[in-house]
Amino acid sequence: MRFSAFLFPLFFLLTGWQISSASVERREILAVRTSLPPEMDGTLRDAVWQKANAASDFHQYEPHNDRRASFDTEVRVLYNDGAIYIAARMFDPAPDSILQEMGLRNSGDNLNADRFYVDINPFNDGINGFRFQVSASGVQTDSNMSGGGSRGDTNWDAVWVSKHSITDDGWIVEMEIPYSALRFPKGEIQTWGINFWREIRRKRELSSWNFVDRRIGDPVASMGQMNGISGVKPPPRIALYPYISNYMEKNGADQGWANSFNGGMDLKLGISPSFTMDVTLIPDFGQVQSDAKVLNLSPFEVKYDENRQFFTEGTELFEKADLFYSRRIGAQPRNYRRAAQQLDTNEVLLENPLETRLINASKLSGRTSGGLGIGIFNAMTAPSEAILKDTITGQKRSVSTQNFTNYNLVVVDQSLKNNSFISLINTNVAGAEKDYTSNVTGTEFRIMDQSNMFRISGSGAVSQQYLSGSDNVYGHKYDVRMGKFGGTWQYNYSRNVISNDYDQNDMGFLRRNNQVNNSFSASHNIFDPFWRIWTLTNSFSINHSRLYDPENFTGLQMQYTFRVLFDTRFFINWRNTYSPRGERDYFEPRAPGRFYRTEDAWNTHLSWSSDYRKRIYFDGNMGFERINADQPQDEYSFMLQPTLRVNDKFNMAYRFEYNKKTNDIGYVMQLNADSVYFGRRQSPTTVNTFKTTYIFNNRLSLNFNLRHYWSRVDYNGSYYFLQTDGRLKPVSDDLNISDINYNAFTIDMMITWHFAPGSRMTIAWKNIIDSRSSNIYANYFENLDNMLGQPQINSFSIRFLYYLDYLSIQRLRHN
């Protein structure tokens with residue numbers, strides 16, 4: 001408390017923090033009630049639209065934040081007890097020049113097409129919101145803006161209707177957004193935050209109805225206000241998503257095809273206008289995107305993306321304090337390796353499931369009229385066991401690899417003035433092992449001034465692990481960040497502390513604990529275009545790191561970054577990092593108290609992208625790093641991705657990545673706490689990725705992704721003994737460490753047909769090869785030929801998902 005009492009006034013004094021009493025001007029629009037809903041045909045011919053006044057006079061967000069939009073836009077809003085209706089007319093003197101690339105649903109941000117979208121914040125708190133977007137080619141994109149960022153979370157999917165058309169004087173969009181797609185507080189009179197946006201793609205101009213200051217760049221905090229909604233009595237929010245699926249799978253070279261039939265259902269239930277419960281019963285995730293597997297030689301776990309829709313949609317509340325990693329649910333059993341360790345003489349391992357089976361999962365979330373967000377999450381996985389068989393007697397026995405496990409999460413989040421908030425979250429995992437419980441309780445906060453430029457934010461958590469017969473293990477973490485995050489000059493200080501006993505990995509993800517980091521960064525930003533430059537940023541940061549216990553130095557880094565965007569839309573990002581004192585790595589040796597020492601190091605990394613409006617455009621990067629140690633270690637990296645837009649329906653992209661580590665030094669084995677050995681290795685990695693999309697129409701599409709990851713590790717018989725001072729001593733003995741030749745090959749092809757709002761049929765083909773050997777191939781095509789002969793998984797599936805809401809169910813009952 002004494003530290004806080006001293007720090008906060010000092011910070012306010014040094015930064016000149018001013019909390020102004022003047023309110024930011026917000027434009028207002030009146031929504032008009034209609035007894036007869038307008039027809040959604042994309043023409044605006046329905047006379048009911050004339051009842052509403054038009055919102056107009058848009059202002060540019062980019063490139064010129066201080067100018068009016070180049071072309072006029074008019075937006076009208078109607079409502080009734082079932083939905084909000086929005087009509088937008090985008091005037092354009094050259095309608096034949098309106099860009100109209102087609103794409104998959106939720107791909108609107110990446111299309112070469114004009115766009116119109118509306119941001120809605122029913123709680124009017126400057127923190128939460130929803131975005132509904134339609135491109136000039138009719139592609140729908142929706143996102144939950146509550147998680148932050150300028151684009152929001154596009155994993156969130158709502159069911160709504162839109163129609164568009166190109167006219168002689170521009171283009172038109174009509175939207176019907178049912179209340180079932182929104183959450184809003186109780187109240188006779190509603191006041192919502194709202195903003196309308198338009199992008200003129202060929203001019204690279206983005207404009208908004210309510211002015212948004214690009215120096216701050218927070219669209220949720222910069223909405224206008226919508227008045228007039230009153231007496232809304234929405235129908236019950238009940239939605240069912242029943243599905244059936246059929247799989248034909250071939251697992252391995254010597255096994256035949258297996259056939260399986262699945263069925264289940266997802267349920268969305270509106271507990272109130274602002275609270276929704278989501279439940280998945282007998283879930284089926286067989287068609288999710290394959291993981292981008294990599295060879296991991298580090299002492300840390302690799303974090304893979306979550307691709308299961310139930311765990312990516314509407315989870316912004318559960319992400320507070322960064323304690324929830326949904327891939328823990330249904331992951332590899334906790335004691336997966338125990339089965340191999342318990343093999344007796346003459347026994348073989350018949351079965352050992354790689355994943356635990358998810359029984360069901362549910363989540364309840366919403367926000368009250370007072371700005372209090374509440375989230376509750378629960379998931380259960382079935383017991384997992386391996387089957388062992390005696391090859392002589394034929395007797396089988398089972399080994400438990402994980403018991404029935406229950407995952408729980410509870411979070412409360414209170415919105416405060418000036419787009420600030422404070423949250424409290426708790427995660428609990430019980431049953432993974434007998435009498436084992438893991439509990440983590442944390443908090444997150446953000447305090448902003450009225451200008452939204454100055455901010456203090458942070459988070460903290462305490463972990464507790466209990467196993468019967470053992471003492472409780474407690475750990476803690478916290479981080480705090482404060483500074484000026486908007487305007488021409490920006491600067492901030494941050495401190496991150498994680499104790500050596502802190503562990504959130506039963507339900508969260510933590511790469512490493514036992515660390516203390518202090519950093520300061522400053523940047524100069526030019527937002528107003530000049531000469532051929534649209535934006536320009538120069539930034540500098542310095543970071544000092546040490547262990548939490550003992551307080552040993554681990555590293556010092558200084559970084560300079562230069563970013564520039566030209567009027568041709570060519571973007572450059574150049575980053576340079578220097579570590580003058582090298583590094584003391586206490587994790588690579590995998591032995592308590594031991595560390596590996598390097599001298600000074602530096603790296604440079606350049607990335608770029610060209611104009612996405614062109615038929616052919618490029619993304620790329622290159623980098624070089626040198627670590628000075630007993631023997632210099634170099635790393636080279638290169639990536640180039642050309643994308644060809646054949647036409648507005650067909651595009652393809654090829655990505656080539658190459659990374660080579662020469663004289664890379666890393667851990668290879670440990671005989672005891674005093675005998676740790678490292679090896680020198682040459683490690684090249686090549687990644688080839690090919691993606692293509694063909695859009696037949698706005699309901700039918702084909703998506704194809706192929707990825708081949710190839711990594712080699714060649715030790716060349718050079719090994720070292722790690723001395724107590726962190727330096728390496730060459731050894732003449734051959735430790736017989738096997739070289740590594742690793743391939744990860746995946747194909748994901750999917751045909752998607754949206755045959756009704758919220759309903760779809762998907763046909764998928766998945767091919768997976770994951771092979772690792774000690775035989776290194778110097779030639780790419782020799783390796784490819786060998787890899788294609790390895791056991792592989794082939795899966796063909798078809799899945800039907802049908803959307804039924806309350807009104808649909810009522811119609812079925814009456815019929």
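Leaving aside neighbours within four places in sequence, which residues is A88 in contact with? Hold that thought, everyone, while I set the scene. This is a predicted model, where local features need pLDDT of at least 70, side-chain atom pairs count only at pLDDT 80 or more, and totals for chains, interfaces and linings use all residues. Residues are numbered from 1 along each chain as its sequence is written, and side-chain values use heavy atoms, with hydrogens and water left out.

Let's start with the whole chain. It has five helices and 45 strands; these are DSSP runs numbered from the N terminus, H or I of at least four residues for helices and E of at least two for strands. The radius of gyration, taken over C-alpha atoms, is compared with a globule rule of 2.2 Å times the number of residues to the power 0.38. Here the radius is 29 Å and the rule gives 28 Å for 815 residues, so the chain is as compact as a globular protein of that length. Along the principal axes, the C-alpha atoms fill a box of roughly 85 × 65 × 55 Å. Of the 815 residues, 49% are buried, meaning under 20% relative accessible area, with exposed over 50% and partly exposed in between, using a 1.4 Å probe and protein chains only.

Back to A88. This residue lies in strand β5 and is buried, with a relative accessible area of 0%. Its contacts (heavy atoms within 4.5 Å) outside the local stretch are E74, V75, F116, W171, I172 and V173. From the C-alpha of A88 to that of S56, 32 residues away along the chain, the separation is 9.9 Å.

β5 also belongs to an open sheet of five strands, ordered β2-β4-β5-β10-β9 with mixed pairing. β2 (32-33) and β9 (161-167) each have a single partner strand, so one side of each has no neighbour in the sheet. Strands count as paired if DSSP finds at least two bridges between them; β2 and β4 pair in the parallel sense over two bridges, and R33 has Y79 as its bridge partner in β4.

Now the inside. A nonpolar core here is a set of buried Ala, Val, Leu, Ile, Met, Phe, Trp, Tyr and Cys residues joined through side-chain atoms within 4.5 Å. The largest one has 38 residues, and I86, F116, F132, M175 and F196 have the most contacts inside it. Strands that each supply at least two of its residues include β4 (73-79), β5 (83-91) and β10 (170-178). A second, separate core has 23 residues, among them F310, F311, L358 and L409.

Further along, there's an open antiparallel sheet of three strands, in the order β17-β20-β21. β17 (347-351) and β21 (396-402) are the edge strands, each with a single partner, so one side of each is left without a neighbour in the sheet. β17 and β20 (residues 384-390) are joined over four bridges, and L349 finds its bridge partner in L388 of β20.

One last residue for you: is S420 buried or exposed? S420 is buried, with a relative accessible area of 2%, and lies in strand β23 (residues 420-430). Its side chain reaches the backbone nitrogen of M448 at 2.9 Å. Beyond neighbours within four places in sequence, S420 is in contact with residues including I127, Q414 and R446. Thanks for listening, folks!

Note on methods. Polar contact = N/O pair within 3.5 Å; in protein donor to acceptor, adjacent residues only side chain to side chain.
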